[in-house]
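Visitor: I am new here and would like to know how the descriptions are arrived at. Could you take me through a few of them?

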Amino acid sequence: MMDQPILHSPRLLLRPFTLDDAKRVQMLAGDKRIADMTAALPHPYLDGMAEEWIGGHFAAWSARTSVSYAIVLREVQLLIGAVSFVAIRDDEAEFGYWLGVPYWGCGYCTEAVATLIEFGFNTLGLKKQHARHLPENHASSRVIIKNGLHYIGDVTGVLRGHNNVLKHYELSAQEYFAKQT
């Protein structure tokens, strides 16, 4: 398996997390507004959680079960969030993301997701990518739709121990490459 590459976009750098990022992750991801809109982020975000999460990234990348990237502002080298393939199975993957509240509404998440989608299809050879969001998370809906995924339907997913309705979207490699030409 190749080393996890660093990805570039016009304003962002997507790089593997390091343990040095743990305090910043805890500070940003610990905001309840982020936890309320994501499936994976706990609240409160306790000491040691970021280190544990980051500590599992290399093994997951090596096993090709997931890949996580720090979203970093290129000009100032500041970590502002995360974008990940949270589940890679065969030639399909589900992606997820979060962004620190001070960086909402600037298009950073849309740009990071576009970069991850390109990496998934062009480098990982994925055939299909999925994303889901809570119905009340309209910002996530916009990020997903702007990146060309189409709404498939509502699905039930477990979120913090409870069944929740999630909006499910997909994009195939065939659709993606057709839009690129």
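## How the labels are earned

Guide: Gladly! This is a predicted model, and a good place to begin is strand β3 (residues 67-73) with strand β4 (residues 78-89), which pair in the antiparallel sense over seven bridges. Within this pairing, Leu 73 is opposite Leu 78 of β4.

Visitor: What makes β1 and β2 a pair?

Guide: Two strands pair if at least two bridges are found between them. β1 and β2 have two bridges, in the antiparallel sense, so they qualify under that rule. One of the partnerships joins Leu 7 to Leu 14 in β2, and a hairpin of three residues connects β1 to β2.

Visitor: Which strands are the edge strands of the sheet?

Guide: The open sheet has eight strands in the order β1-β2-β3-β4-β5-β6-β8-β7, with mixed pairing. Its edge strands are β1 (7-8) and β7 (150-159), as each pairs on one side only.

Visitor: Which strands does helix α5 touch?

Guide: Helix α5 (residues 108-122) packs on the sheet and touches β1, β2 (12-15), β3, β4, β5, β6 (128-133) and β8 (162-172). Its direction makes about 35° with that of β4. Helix α1 (residues 22-29) lies across β4 and β5 (92-99), at about 85° to β4.

Visitor: Why is the pair of Tyr 151 and Tyr 169 called edge-to-face?

Guide: Ring centres must lie within 6.5 Å to count as a pair, and planes over 60 degrees apart count as edge-to-face. For Tyr 151 and Tyr 169 the centres are 5.5 Å apart and the planes are at 65°, so both conditions are met and the pair is edge-to-face. It links distant parts of the chain, with Tyr 151 in strand β7 and Tyr 169 in strand β8, 18 residues apart.

Visitor: Is Tyr 169 buried or exposed, and what about Tyr 151?

Guide: Buried means under 20% relative accessible area, and exposed means over 50%. Tyr 169 has 5%, so it is buried. Tyr 151 has 42%, which falls in between, so Tyr 151 is partly exposed.

Visitor: How do you know that both faces of β2 are covered?

Guide: Leu 12 and Leu 14 on one side are buried, and so are Leu 13 and Arg 15 on the other. Arg 15 also has a bridge partner in β3, Ala 70.

Visitor: Which residues touch the most other members of the largest nonpolar core?

Guide: Among its 52 residues, they are Val 25, Val 83, Phe 85 and Phe 95. Helix α5 gives the most to this core, with eight residues.

Conventions
Residues are numbered from 1 along each chain as its sequence is written. This is a predicted model: local features need pLDDT of at least 70, side-chain atom pairs count only at pLDDT 80 or more; totals for chains, interfaces and linings use all residues. Side-chain values use heavy atoms; hydrogens and water are left out. Helices (H or I, at least four residues) and strands (E, at least two) are DSSP runs, numbered from the N terminus. Contact means heavy atoms within 4.5 Å. Axes are lines fitted to C-alpha atoms, for helices over the stretch in contact, and angles run from 0 to 180 degrees between N-to-C directions. Rings of Phe, Tyr and Trp (its six-membered ring) pair if their centres lie within 6.5 Å; planes under 30 degrees apart count as stacked, over 60 as edge-to-face and the rest as tilted. Buried means under 20% relative accessible area, exposed over 50%, partly exposed in between (1.4 Å probe, protein chains only). A nonpolar core is a set of buried Ala, Val, Leu, Ile, Met, Phe, Trp, Tyr and Cys residues joined through side-chain atoms within 4.5 Å.
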